[in-house]
Each structure stands twice: as structure tokens, then as C-alpha cells.
Amino acid sequence: MVRYLAKFLLLIAVFIIAYMVIKSGARRREWPKQAPGSIAEEDMVRCKVCGVHLPRSESLESRDEYFCSEEHRRIARK
Ligand SMILES: [Zn+2]
């Protein structure tokens, strides 16, 4: 019975280790997407008013035009 229990615990330990390895591997694969370099190359947009470059996710979009701030979007509307 003790040997059976030891085997059972070993199996659980193997599963936990395998789970952790898979999880950390998946996390590592997500990193390149969030690397600053790829954002700079793919998703940089230019403010229509002041011309500053900023990531698309941080910009304000209005009718296919991008702005760095709410203020500049208001200026462009006038
Ligand atoms: Zn601006």
C-alpha cells in the first residue's frame, strides 16, 4: 500500500511539473508579440495634428485618422 501511494504521488508530481513546463512555455511564446520592437514596426500611427508617433493602441482614432490626445482630435474636427 505504501509503495502504491508513493507511485501515485510521483505520478501527481510528474503531472504538476509537466503542467508548469507547458504553462511557462506558452507564456514565453506570447512574449514576442508584446516586445517593444514589434509594436514600433507594426502598430505605430501618426497624430494628424502634431505629427507625434505613438502606438495604435494608445492613440485616438476618428474617421481613419489618428490623434495623440483628445485635445488634438477636437482641434482636427474644427
Ligand atoms: Zn497630437
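The protein chain has an average pLDDT of 84, and 81% of its residues score at least 70. The model is a predicted one. Confidence varies from element to element along the protein chain: the lowest mean pLDDT, 52, belongs to helix α2, which covers residues 36-42. At the other end of the range is strand β4, residues 65-67, whose mean of 95 is the highest among the elements.

The secondary structure comprises three helices and four strands. Their order along the sequence is α-α-β-β-β-β-α. Helix α2, the element with the lowest mean pLDDT, is thus the second helix in a pattern that opens with α-α.

Burial and contacts can be described for the chain as a whole. The protein chain has 78 residues, and 5% of them count as buried. Among contacts with a separation of 6 or more, 9% are made by residues 24 or more positions apart.

The loops between the strands offer some local detail. One of them runs between β2 (53-55) and β3 (60-62), and S57 is located there. S57 counts as exposed because it has 8 C-beta neighbours inside 10 Å, and the limit for an exposed residue is 12 or fewer. The chain position of S57 can also be set against that of M44: these residues are 13 apart along the chain, and their C-alpha atoms are separated by 8.8 Å.

The loop between β3 and β4 holds R63 and also D64. What is the sign of phi at R63, which is not a glycine? The phi of R63 is positive, at about 50 degrees. D64, also not a glycine, has a positive phi of about 65 degrees. Such values stand out because most residues other than glycine have a negative phi.

Are these loop residues buried or exposed? R63 is exposed, since 6 other C-beta atoms lie within 10 Å. D64 is exposed as well, with 5 other C-beta atoms within 10 Å. Beyond D64 in this loop comes strand β4, at residues 65-67, where the mean pLDDT is 95.

Methods: Residues are numbered from 1 along each chain as its sequence is written. This is a predicted model: local features need pLDDT of at least 70, side-chain atom pairs count only at pLDDT 80 or more; totals for chains, interfaces and linings use all residues. pLDDT is the predictor's confidence in each residue, from 0 to 100. Helices (H or I, at least four residues) and strands (E, at least two) are DSSP runs, numbered from the N terminus. A residue is buried if 20 or more other C-beta atoms lie within 10 Å of its own, exposed if 12 or fewer, and partly exposed in between; C-beta atoms are placed from the backbone. Two residues are in contact if their C-beta atoms, placed from the backbone, lie within 7 Å.
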